[in-house]
Amino acid sequence: MARNAVSARDLGDRFDKRARRLERLGREATRLHKRGAISLGSVDSIYEASFLNLVTALERFLEDLFYSALLGHSEMPGVTGAVVFRSREQAESVLLSGRQYVDWLPYDSQVARLGESFLEVSPFARLDRQVAEMALLKEIAVVRNAIAHESGSARKKFLPLAAALRARRRTPGGLLQDVRQGESMHVHYGTQVRVIARALTVPTVRDAKMLLSPERPYERGAMPGKGSYECAACGNGHSVRGVGQKLPSCDSCVLDAVRGKKKTLWRRLY
């Protein structure tokens, strides 16, 4: 590996450690408030600052992973650049095109698009059909914008996330401290982005899918590419051997499908 090059695994480890430290910061602020050592306003500020740091760390991770993959340093099988660059500096000069920086969020319109354009095999494509993870990343961006911007638009998008809180606590700090299913939203966000980061850096797609939530299934007639699939309703298997081959109706469910009672959905097997 080239000098100063960092593998995807090491990048994932670095991000994981940073995110865990930020989670602990929120817990410590809560403990201090319960002891009467700091005010609730101070706790809010700590949670919000910690969350902004988490999002910044996530963006840095996505950026570093992209360049690691682009320059062939990721050590992930098959992951390499579609265009050859001598160095990160050269690649950055092309991508920036006169801009001072590249935005790495929103995920779907930024990093996923760059991966598709510049990488032969993109680890970022692992989230393409991950409904829960993509929704989480969008939610994180909404909370980040509500903290970083005072605009009415940012607050309008944020308020539905905090609708269940008391009126005075419908703030980013209030949301981040809100405990749901035994953990604060601050910890929830941190835990979930750590899982996403790990899924983006494990060696294979199969490894990634074992970490992520069930992906969005394919409908009959879709052309998802070569692979093995199973019917989401009955588990019947089907193999696609050609790139342009369409997924059929499930043989076992075909009568219900014809009667309009059931729409065939296929899950990819990894």
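**Close-up views of a predicted model**

**View 1. Strand 4 and its two partners.** Four bridges join strand 4 to strand 6 (residues 265–269), and these two strands run antiparallel; the model shown in this and the following views is a predicted one. Strand 4 also pairs in the antiparallel sense with strand 5 (residues 237–240), again over four bridges. Strand 4 and strand 5 form a hairpin with five residues between them, and in the turn Gly235 has a positive phi of about 85 degrees. Within strand 4, Tyr229 has His238 as its bridge partner in strand 5, while in strand 6 Tyr229 stands opposite Arg268.

**View 2. The aromatic pair of Tyr218 and Tyr229.** Across the whole structure a search finds eight aromatic pairs, and one of them is formed by Tyr218 and Tyr229, whose rings meet edge-to-face at 5.9 Å centre to centre with 90 degrees between the planes. Because Tyr218 lies in strand 3 (residues 218–219) and Tyr229 in strand 4 (residues 227–231), the pair ties together parts that are eleven residues apart in sequence. Both rings belong to buried residues, since Tyr218 has a relative accessible area of 11% and Tyr229 one of 1%. Over the face of Tyr218 lies Arg129, at 3.7 Å from the ring centre.

**View 3. Gln130 in the loop before helix 5.** Gln130 is found in the loop between helix 4 (111–118) and helix 5 (131–148), and with a relative accessible area of 1% it is buried. When residues up to four places away in sequence are not counted, Gln130 touches Lys209, Leu212, Ser213, Pro214 and Glu215.

**View 4. The largest nonpolar core and a second one.** In soluble globular proteins, nonpolar side chains tend to be buried together. The largest nonpolar core here has 60 residues, and those with the most contacts inside it are Leu62, Phe66 and Tyr107. At least two residues of this core come from each of several helices, including helix 1 (8–34), helix 3 (88–96) and helix 8 (185–201), whereas the largest share, 14 residues, is supplied by helix 2. Apart from this core lies another, of eight residues, among them Tyr218, Tyr229, Cys231 and Leu247.

**View 5. The surroundings of Phe66.** Phe66 belongs to a cluster in which ring pairs link Phe66, Tyr67, Trp104 and Phe118. Leaving aside residues up to four places away in sequence, Phe66 touches Leu95, Trp104, Leu114, Gly115, Phe118, Leu119 and Phe124.

Note on methods:
Residues are numbered from 1 along each chain as its sequence is written. This is a predicted model: local features need pLDDT of at least 70, side-chain atom pairs count only at pLDDT 80 or more; totals for chains, interfaces and linings use all residues. Side-chain values use heavy atoms; hydrogens and water are left out. Rings of Phe, Tyr and Trp (its six-membered ring) pair if their centres lie within 6.5 Å; planes under 30 degrees apart count as stacked, over 60 as edge-to-face and the rest as tilted. Buried means under 20% relative accessible area, exposed over 50%, partly exposed in between (1.4 Å probe, protein chains only). A charge sits over a ring if NZ of Lys or CZ of Arg is within 6 Å of the ring centre and within 35 degrees of the ring normal. Contact means heavy atoms within 4.5 Å. Two strands pair if DSSP finds at least two bridges between them. A nonpolar core is a set of buried Ala, Val, Leu, Ile, Met, Phe, Trp, Tyr and Cys residues joined through side-chain atoms within 4.5 Å.
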